[in-house]
Each structure stands twice: as structure tokens, then as C-alpha cells.
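Colleague: I have this model open next to the sequence and I'd like a close look at how its helices pack. Could you walk me through that part, and then show me how the rest fits around it?

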Amino acid sequence: EGVVGLGSEIGKCVHLDKLGVLQEGALVGSQTLAVGNPAVDAGEMGSSSLTDVPFSCILLQTLWLIAELHLFSALLVVCHHLLIGHLICSWRYCTLTYFFLSLLSASFLALIVSAMLKCLMLGSRQPSKSRKPSSWTKLSDWACDYHFRTSAALLYTVSALSRFSNVLLMLHGLDIDLQSGIGDITCFSPSMMNQVEIKRSFVSLWVAFLYGDKIAVIDSTIGYRAVLSPGVKVHRSTVQTFGEVKESLYDEKFRPGVVTMSNIIIDEGRSFLFFLMVYTSIIPAYETFLLTTSRYELTILAVFLPA
């Protein structure tokens with residue numbers, strides 16, 4: 001389920017990962033595993049790169065998905081008991097606010113659970129290409145990554161500009177400071193956060209960090225959909241959009257910006273305004289729902305009640 005661009009030259013025994021895209025004129029050597037969009041060299045093909053998945057692993061993943069559903073339902077019930085009685089019931093949008101805050105609170109608690117799962121199941125181990133991962137390692141990586149990305153989707157939608165995302169990443173073991181900006185929190189996954197260091201930098205959307213040795217980004221800017229290879233160190237540099245970094249970068253002429261406390265406060269204010277915009281955008285749909293249900297109730301009463 002991938003795409004191969006025109007004029008690409010592909011060697012023998014090449015595996016293009018699912019949804020991978022080879023750019024036009026790409027040269028791919030033999031025994032290569034290509035992943036991503038655009039596709040990059042993720043190492044040589046090995047037994048761990050085969051697409052066959054054991055039935056036991058599929059069964060455990062299915063059970064984990066069922067457990068995820070029950071876990072989020074339980075967290076939603078907890079948030080229900082925490083928020084009930086704390087909102088003004090006479091307000092017209094009390095019900096809408098209640099459900100909106102309940103979902104956000106459940107998403108926040110799910111991320112706290114994600115940090116706990118990462119600590120218990122993954123610990124402080126770092127990804128390594130030198131040894132073959134066991135079945136438990138693969139399953140634990142997948143479980144923690146899946147839980148993190150599904151839990152972060154809703155909360156990150158309304159807090160994309162906030163440094164609160166940095167705090168959540170710190171809880172998951174990522175070496176990041178509050179001066180750094182993150183365009184997409186899902187660029188990072190619990191299984192690889194121990195191998196990345198972000199200091200006084202900006203990371204754009206859909207940036208890929210390949211598994212392996214530690215990656216350091218300090219006083220730099222990483223462009224949209226850039227790919228960073230294992231072991232590279234990007235200091236005082238700018239990585240262009242769709243760029244692929246295979247060697248360490250250092251630019252003496254680069255002048256990094258300085259993030260002050262006032263900048264962070266302004267960003268938090270923008271994040272709060274964005275949160276209010278998302279909330280107010282739901283009000284028209286809620287009003288339509290109230291209008292539709294009220295008319296439906298009046299129709300039922302007119303049909304079943306005597307004149």
C-alpha cells in the first residue's frame with residue numbers, strides 16, 4: 001500500500017512500508033527497508049522487518065484495544081463524578097460545557113496513565129538497532145505508543161500552542177525544556193522519547209525521528225516533515241522542509257531566537273483564546289441539536305396525546 005514515484009530505481013529485496021512514498025527518481029539499494037512519506041532508508045531488511053505478525057501478537061493487541069475502550073470509559077466516569085455539581089445548572093450551555101470539560105479531563109487523565117504505562121512497561125531503555133527486539137518489546141512499544149497517540153489527540157486539539165504539551169512530554173521521559181516549541185506532540189512516541197533531546201528549539205509538524213542512537217536538537221529549527229537519522233546532533237541550525245538529516249549539523253552564523261517569560265505568557269494567552277474558539281464553534285451544532293430534538297418531542301406529543 002505504498003507509492004513509487006516515476007523514474008525510481010529499486011534494488012532486490014526492498015520493502016516499502018505501508019503508506020510509504022518514494023519520490024521521483026529515488027535510488028533504493030538492495031536489502032533496504034524504506035519507511036515514511038517521503039520514504040527514507042530505515043536500515044537493512046532483516047527478520048524483524050517481515051510483515052508476518054504472529055497470531056498471539058494479534059490476539060494480545062485486540063485485547064489491548066478492548067482494555068483501552070474500558071479504560072477511557074472508566075476515566076470518563078471519574079471525570080463525571082469530579083465535575084458534577086460544580087457547574088451552574090441554570091446556564092443554557094451547562095450541559096455542553098459539562099461534556100466538553102469531561103472529555104478533556106478524561107483525555108488528561110489518560111495521558112497521566114500513559115506516563116505511568118511508559119514508566120512501568122518501557123522504563124528508561126533506549127531503542128537500539130544492534131539487538132533484535134523481543135516479542136514483549138514490540139508489544140509494549142506498540143501498546144504505549146497507541147495509548148499515547150489516542151489520548152493526546154483530543155487534548156492537543158485545544159492546547160496546541162501551550163507549553164503544557166512540553167510538561168506532558170517531560171512526564172514521558174523526553175529531555176525538553178519550556179523554551180522549546182512543538183508543532184505536533186504526536187511526532188514523539190513513548191518508545192523513542194528516551195533517545196531525543198530538545199533544547200531551545202522549534203520542531204514543526206510530522207517530523208520523524210528514526211530509532212537508534214540519541215538525537216540532539218539544540219538552538220535549532222526543524223522544518224515540516226523533516227527526517228532525523230539516529231545519532232545526529234543538530235546545533236544552531238535550520239533543517240529545511242522535507243529535509244533528511246544523516247550527519248550532524250552546526251552553523252556558526254546561525255542566530256537562535258531567545259524565548260523570554262513574556263513570550264511564554266503570550267503563547268499561553270493565545271492557547272486559551274484558541275480553546276475558547278474551539279468551544280464556541282460547537283455551540284451552533286448544539287443549538288441545532290436542541291432545535292431538532294424539541295421539534296421531535298412536540299411531534300410525538302401531537303401524535304400520541306389526545307386533543
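Modeller: Let's begin with α2 and α4, which are roughly parallel to each other, since their axes cross at roughly 30° and angles under 35 degrees count that way. This is a predicted model, by the way. The axes of α2 and α4 (residues 164-171) come within 9 Å. From α2, the contact is made by Phe 108, Leu 111, Ile 112 and Ala 115, and α4 answers with Phe 164, Leu 168 and Leu 171. Sort those residues by class and you get 7 nonpolar, no polar and no charged.

Now stay on α2 and look at its other helix partner here, α1. Helix α1 covers residues 55-83 and α2 covers residues 94-122. Their axes come within 8 Å and cross at roughly 130°. That angle makes α1 oblique to α2, and the crossing is right-handed. On the α1 side, the residues in contact include Trp 64, Leu 71, Phe 72, Leu 75 and Leu 76, with Cys 79, His 80 and Leu 83 also among them. On the α2 side you'll find, among others, Tyr 98, Leu 101, Leu 109, Val 113, Leu 117 and Met 121, and some serines as well, including Ser 102, Ser 105 and Ser 107. By class, this contact has 17 nonpolar, 4 polar and no charged residues. So α2 makes contact with α1 through residues such as Leu 109 and Val 113, and with α4 through residues such as Phe 108 and Ile 112.

As for the rest, the protein has 5 helices and 19 strands. One part to pick out is an open sheet of 5 strands, all paired in parallel, with the order β8-β10-β13-β16-β19. β8 and β19 (249-250) stand at the edges with a single partner strand each, so one side of each has no neighbour in the sheet.

Going across from the β8 edge, β8 (residues 175-176) pairs with β10 over 2 bridges, and Asp 175 stands opposite Glu 197. Strand β10 is worth a pause: both of its faces are covered. Val 196 and Ile 198 are buried on one side, and Glu 197 and Lys 199 are buried on the other. β10 then pairs with β13 (residues 215-218) over 4 bridges, where Val 196 has Ile 215 as its bridge partner. From β13 you step to β16 (residues 233-235), with 3 bridges in the parallel sense, and there Ala 216 is partnered by Lys 233.

One last spot to click on is Gly 243, in the loop between β17 (238-239) and β18 (244-245). Gly 243 counts as buried because its relative accessibility is 7%, and the cut-off is under 20%. Beyond its neighbours within four places in sequence, Gly 243 is in contact with Arg 225, Ala 226 and Val 227. Take Val 227: Gly 243 is 16 residues away from Val 227 in sequence, and their C-alpha atoms are 6.3 Å apart.

To put that in context, buried residues make up 38% of the 307 residues. Of the contacts with a separation of 6 or more, 34% join residues 24 or more positions apart.

Conventions: Residues are numbered from 1 along each chain as its sequence is written. This is a predicted model: local features need pLDDT of at least 70, side-chain atom pairs count only at pLDDT 80 or more; totals for chains, interfaces and linings use all residues. Side-chain values use heavy atoms; hydrogens and water are left out. Buried means under 20% relative accessible area, exposed over 50%, partly exposed in between (1.4 Å probe, protein chains only). Two strands pair if DSSP finds at least two bridges between them. Axes are lines fitted to C-alpha atoms, for helices over the stretch in contact, and angles run from 0 to 180 degrees between N-to-C directions. Angles under 35 degrees count as roughly parallel, over 145 as roughly antiparallel, 65 to 115 as roughly perpendicular and the rest as oblique. A crossing is left-handed if the near helix is turned anticlockwise from the far one by less than a right angle, and right-handed if clockwise. Contact means heavy atoms within 4.5 Å. Ala, Val, Leu, Ile, Met, Phe, Trp, Tyr, Cys and Pro count as nonpolar, Asp, Glu, Lys and Arg as charged, and the others, Gly among them, as polar.
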